[in-house]
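Got your viewer open and a cartoon on screen? Let's walk through this one stop at a time, selecting as we go.

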Amino acid sequence: MLTSPIAKINLGLNVVERRPDGYHNLETVFYPVPICDALEVFPMDSEFPSEFDCDLKVTNIHIDGDEQRNLVVRAYNMLKQDFPALPRVHAHLYKGIPTQAGMGGGSSDCGFMITLLNQQFQLGLSDEQMIQYAARLGADCAFFILNRPCYAEGIGEKLQPISLNLSGWYLAVVRPDIPVPTKEAFSLIVPQRPPKNCRDVVMQPVENWRDGLTNDFEKSVFALHPEIGAIKQRLYDLGAAYAAMSGSGSSLYGLFREPVSLDEFNAPDTFKTIIPLD
């Protein structure tokens, strides 16, 4: 069975308080965007000589680390504990979503793996049950069960679908080859509530977002990597109605009424695209 995990952008991202467990409570709006991976899962032959129940192969974009620690495999292993009859599987993950970009690529793979396993092997899980499973593996993972615009609180797992439609806009994304470790980004944040809640701001016209929709990570990340902040400014110079960093970086996005050229963003290993939103 084949599925296409999608990316997300954050429309506003505010770190509002530190929790006793060391995590942080957030306020953000997740918006799904059509930049995709491809994930295929099929049962493993009973005679196949694998030491793993979920044999994963990742292609197109190299991901450092043990593939058995990938969220796709961790999602399988988590469900296997509660559904012992789940057969051994091969999984092929073709990466199209840029990594370390704040666009939820790994979290999306996790959420779509849970949904795919539920459908393919008839586990009978409801959306709410899948959300609960996904939240155990990562803050953004739960969103990718619903895959529709949502206001999120908590660590990102408390989701409220909202009526937001950006059809007719063009989304430009530029991800420079500058890794921003999430732990480092959080360490520089001073939690506080913004003057305006992002859920309320996104209900206004996009042209009004610039003064009210903020990403708390931009201040510290731009101070450490001014070249990332320069990309945001350049998107505005090109005519973006709104531009921001997604997640804790390092991707920047801009919303445009008309397509624009991104040819100037030609540094090595820079990801760039402009796509219409439906």
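Buried here means under 20% relative accessible area, exposed means over 50%, and partly exposed is what lies in between. Keep in mind that this is a predicted model.

**Stop 1: strand 5**

With that cut-off in hand, select residues 54-59, which make up strand 5. Color Cys-54, Leu-56 and Val-58 one way, since they form the covered face. Then color Asp-55, Lys-57 and Thr-59 another way for the uncovered face.

Now add residues 89-94, which is strand 6. The two strands run parallel and are joined by six bridges. Want a couple of pairs to click on? Val-58 has Leu-93 of strand 6 as its bridge partner, and Lys-57 stands opposite His-92 in strand 6.

**Stop 2: the sheet around strand 5**

Widen the selection to the whole sheet. Its four strands come in the order 1-4-6-5, the sheet is open, and the pairing is mixed. Strand 1 (2-3) and strand 5 are the edge strands; each has a single partner strand, so one side of each has no neighbour in the sheet.

Next, bring in helix 1, residues 71-82, which packs on this sheet and touches strand 4 (38-43), strand 5 and strand 6. The direction of helix 1 makes about 160° with that of strand 5. Helix 2 packs on the sheet as well, with contacts to strand 1, strand 4, strand 5 and strand 6. Look along strand 4 and you'll find the direction of helix 2 at about 35° to it.

**Stop 3: helix 2 meets helix 3**

Stay with helix 2 (residues 105-120) and switch on helix 3 (residues 127-135). The axes of these helices come within 10 Å and cross at roughly 135°. That angle is why helix 2 counts as oblique to helix 3. The crossing of helix 2 with helix 3 is right-handed.

Which residues make the contact? On helix 2, show side chains for Ile-114, Thr-115 and Asn-118; on helix 3, show Met-130, Tyr-133 and Ala-134. Color this contact by chemistry and you get four nonpolar residues, two polar and no charged.

**Stop 4: the antiparallel sheet**

Hide the helices and go to another open sheet, with four strands in the order 2-3-7-8 and antiparallel pairing. At its edges are strand 2 (6-18) and strand 8 (158-161); each has a single partner strand, so one side of each is left without a neighbour in the sheet. On average, neighbouring strands in this sheet are turned by 20° against each other, direction ignored.

Zoom in on strand 2 and strand 3 (residues 24-36), an antiparallel pair joined by 10 bridges. To get your bearings, click Ile-6, which stands opposite Cys-36 in strand 3.

**Stop 5: strand 11 and its partners**

Select residues 252-256, then ask how many residues of strand 11 are buried. Five of its five are. Leu-252, Gly-254 and Phe-256 lie on one side, Tyr-253 and Leu-255 on the other, and both faces are covered.

Bring up strand 9 (residues 170-175), which pairs with strand 11 in the antiparallel sense over five bridges. Tyr-170 has Phe-256 as its bridge partner. Strand 10 also pairs with strand 11 in the antiparallel sense, over four bridges, and here Tyr-242 is partnered with Leu-255. Strand 10 and strand 11 form a hairpin with six residues between them. Pick out Gly-247 in the turn, which has a positive phi of about 60°.

**Stop 6: two serines**

Is Ser-248 buried or exposed? Find it in the loop between strand 10 and strand 11. Ser-248 has a relative accessible area of 11%, so it counts as buried. Leaving out residues up to four places away in sequence, Ser-248 touches Val-180, Thr-182, Ala-185, Phe-217 and Val-221.

For contrast, jump to Ser-187 in helix 5. Ser-187 is exposed, with a relative accessible area of 54%. Draw a distance from Ser-187 to His-92: they are 95 residues apart in sequence and 35 Å apart in space, C-alpha to C-alpha.

**Last stop: helix 7**

Finish with residues 217-224, helix 7. Its buried residues are Phe-217, Glu-218, Ser-220, Val-221 and Phe-222. Turn on what covers them, including strand 2, helix 5 (182-187), helix 8 (226-237), strand 10 (242-245) and strand 11.

Terms used:
Residues numbered from 1 in each chain as written. Predicted model: local features only at pLDDT ≥ 70, side-chain atom pairs only at ≥ 80, totals over all residues. Heavy atoms only, no water. Axes fitted to C-alpha atoms, helices over the stretch in contact; angles between N-to-C directions. Parallel < 35°, antiparallel > 145°, perpendicular 65-115°, else oblique. Left-handed = near helix turned anticlockwise from the far one by under 90°. Contact = heavy atoms within 4.5 Å. Nonpolar A, V, L, I, M, F, W, Y, C, P; charged D, E, K, R; others polar. Pairing = 2+ DSSP bridges. Buried < 20%, exposed > 50% of the residue type's maximum accessible area, 1.4 Å probe, protein only.
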